[in-house]
Amino acid sequence: MYGAAGVGKTTLALEFIKDYCSSKCLFVSTEGLEFIHRAEQMKIDTSRINVYGALWHTDFLELLAHMSLALYDVVVVDSVNAFVRLDAQKAYDVTLLLSAALYKLSEDYGVPVVETAQVHSVDGSYEPVAMKGLAMWSHNIIRLDYVSPGHRRLSVEKPDALELEFRIGEGGIEWLNC
């Protein structure tokens, strides 16, 4: 899932945890711990969330080496491509390794995986940093856009075209046209 800063990627990822985490889930954060306050606002039982802070792309390798990812109900990585801008080639390689491992986790064990992605400008629009590689290891690609203050659009780009609109409120996501 990708979109401009502040469009609601983390909130939508938390909504997924709220709906699908029945016992324990993993939230890998490259963005700090601010999401915990948001999760509490959304009335998510944060005791079910194991938090893994990734401060550098090598932390993704440690995550893959030491975590039993198949034991989680849901795995969220926010944001999967955060380090690509900092140490481009090494971080890109590690990011794709993580995405491939999470894809395999989803395929082999049925564990839902949500990855948020930071964006950069391309020909007057934007796309995720490392889009080609990330797309290869994604079941779905979702773009989030601003429509108006508080009003957002979710566009499914892969596998099939679908658009939904939503608002972000204190309690999380309010779907508008479902």
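Which residues are buried in H2? Phe-35, Arg-38 and Ala-39 are, and the close-ups below start with them. This is a predicted model, in which local features need pLDDT of at least 70, side-chain atom pairs count only at pLDDT 80 or more, and totals for chains, interfaces and linings use all residues. Residues are numbered from 1 along each chain as its sequence is written, and side-chain values use heavy atoms, with hydrogens and water left out.

**View 1. The two faces of helix H2 (34-41)**. Helices (H or I, at least four residues) and strands (E, at least two) are DSSP runs, numbered from the N terminus. Buried means under 20% relative accessible area, exposed over 50% and partly exposed in between, with a 1.4 Å probe and protein chains only. Phe-35, Arg-38 and Ala-39 are the buried residues here; they lie on the same side of H2 because they cover an arc of only 100° around the axis, taken from the directions from the helix axis to the C-beta atoms. These buried residues pack against H1, S2, strand S3 (49-53), S10 and strand S11 (172-175). On the face turned away, look for the exposed Glu-34 and His-37. Just after H2, Lys-43 has a positive phi of about 65°.

**View 2. Thr-30, in the loop between strand S2 (25-29) and H2**. Thr-30 counts as buried because its relative accessibility is 17%. Its side chain makes a polar contact of 3.3 Å with that of Glu-31 (a pair of N or O atoms within 3.5 Å; within protein, one must be able to donate a hydrogen and the other to accept it, and residues adjacent in sequence count only if both atoms are side-chain atoms). Leaving aside residues up to four places away in sequence, Thr-30 touches Ala-54, Phe-60, Asp-78, Ser-79, Ala-82 and Phe-83, with contact meaning heavy atoms within 4.5 Å.

**View 3. The largest pocket, about 750 Å³ in volume**. A pocket is an open set of points on a 1 Å grid over the protein atoms alone, where a 1.4 Å probe fits, with protein on both sides within 12 Å along at least five of seven lines; lining residues have an atom within 4 Å of a point. Grid points are joined across faces, edges and corners, and the volume is the space filled by probe spheres set on the points. Of the 32 lining residues, Met-1, Val-113, Val-114, Asn-140 and Ile-142 lie nearest the centre. H1 gives the largest share of the lining, five residues.
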